Amino acid sequence: MDDPAVPRQAAAVEVPAPRTGRVLAGEFEQDSAYRVRRSRGTEDWLLLHTVGGGGIVHASDGTALVTAPGDAVLLRPGALHDYGTDPTVGTWHLQYCHVHPPATWLALLDWPEAAPGVGRIRLGAGVAGRVQEHLRSAARATRLAVGRPELFALNGIEAALLWYDTQNPRQRQQQLDDRVLRVLEHLDAHLTEELEVRQLAAVAHLSPSRLSHLFTEQVGTSITRYVQDQRMELAARLLEMTGEPVAEVARRVGYQDALYFSRRFRSRHGASPSAYRAQHR
């Protein structure tokens, strides 16, 4: 929370903006001597997620945002960077990412403004754990020596932003129900399998009709349509990043009939799987 009696931190050290490309992500733990300042900010967006300990983020209007585990701060391009360990805690376990986001992410970056150029979202332990997993996968991806590491990293960051979005009061009138959250996680883990509403209802400990209503209300689409959309998006990524035959891509996203898969894919993406691959590679 904002603290008018901000403890005395280490002196701020002016540092240059990092070389990021499209994305730079990582994780570290710092002691009470840690503090960074970039008076002009950076050209990218900077996400700071507190895993443990605590930090203090200073804004251009003098606001000091004290962070605790589960707190995330998002600095817009050009916003002052002045942040460091909260000395009353002594350590700051921090995940971070600098990113030049695609235009499709802009709604995910519309966070409640805690100070000029600074957004903030606070997460409960369950969602925070999921965010941390995706941010770690993004950081690992930036170190890949094969494939398309930036795309893998961007996928991890986008997934984290989507989880933040479930707790963003600007985007939702209510937070995502934990029972729907369990179903979404089950769908993600079993996307290629036969998925019946009756089985999903057992995961959520709800009746099938109640789950269907609650899922549509909170996610904005039916369970069937959600599964189809997720399969088609996964198929698109596989077509972009692998050379697997279309029939194998179909199998990997849960379709044994490659012709049916191709029809569904064309309906979703406006091109056949082969044409889509040719356009995006």
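On helix α4, R198 and A202 are exposed, on the side of α4 away from its buried residues. The model described here is predicted. This report covers helix α4 and its surroundings, and then an open sheet.

**Helix α4**

Which residues of α4 are buried? They are L200, A201 and A204. These buried residues lie on the same side of α4, because they cover an arc of only 105° around the axis. They pack against three helices: α3 (178-189), α5 and α6 (223-241).

How do α4 and α5 lie with respect to one another? A general point helps here. Two packed helices are described by the distance between their axes and by the angle between those axes. For α4 (residues 197-204) and α5 (residues 208-219), the axes come within 9 Å and cross at roughly 85°. Helix α4 is therefore roughly perpendicular to α5. The α4 side of this contact consists of V197, R198, L200, A201 and A204, and these residues meet P208, L211 and S212 of α5. Sorted by class, the contact of α4 with α5 has 6 nonpolar residues, 1 polar residue and 1 charged residue.

**The loop after α4**

H205 follows α4 and lies in the loop between α4 and α5. The phi of H205 is near 60°, a positive value in a residue other than glycine. Is H205 buried or exposed? Its relative accessibility is 67%, so H205 counts as exposed, the cut-off being over 50%.

**The open sheet**

The second topic is a sheet. Strands of a sheet pair through backbone hydrogen bonds, and the pairing is either parallel or antiparallel. The open sheet in this model has 5 strands in the order β1-β3-β8-β5-β6, with mixed pairing. Its edge strands are β1 (13-14) and β6 (64-67), each of which pairs on one side only.

The table lists three of the strand pairs, with their bridges and direction.

| Strand pair | Bridges | Direction |
|---|---|---|
| β1 and β3 | 2 bridges | parallel |
| β3 (residues 35-38) and β8 (residues 81-85) | 4 bridges | antiparallel |
| β5 (residues 55-58) and β6 | 4 bridges | antiparallel |

Individual residues can be placed within these pairs. Starting from the edge strand β1, E14 has R37 in β3 as its bridge partner. Between β3 and β8, the bridge partner of R35 is G84, and R38 stands opposite H81. Between β5 and β6, I56 stands opposite V66.

**The edge strand β6**

Strands β5 and β6 form a hairpin with 5 residues between the strands. In this hairpin, G62 takes a positive phi near 95°.

Which residues cover the two faces of β6? A64 and V66 lie on one side of β6, L65 and T67 lie on the other, and all of them are buried. Strand β6 is thus described in two ways: as an edge strand, β6 pairs on one side only, while both of its faces are covered. V66 appears in both parts of the description, as a buried residue of β6 and as the residue opposite I56.

**Summary**

Helix α4 has buried residues L200, A201 and A204 and exposed residues R198 and A202 on the other side. The sheet has the order β1-β3-β8-β5-β6, with β1 and β6 at its edges.

Definitions and conventions
Residues numbered from 1 in each chain as written. Predicted model: local features only at pLDDT ≥ 70, side-chain atom pairs only at ≥ 80, totals over all residues. Heavy atoms only, no water. Pairing = 2+ DSSP bridges. Axes fitted to C-alpha atoms, helices over the stretch in contact; angles between N-to-C directions. Parallel < 35°, antiparallel > 145°, perpendicular 65-115°, else oblique. Contact = heavy atoms within 4.5 Å. Nonpolar A, V, L, I, M, F, W, Y, C, P; charged D, E, K, R; others polar. Buried < 20%, exposed > 50% of the residue type's maximum accessible area, 1.4 Å probe, protein only. Arc of directions from axis to C-beta.
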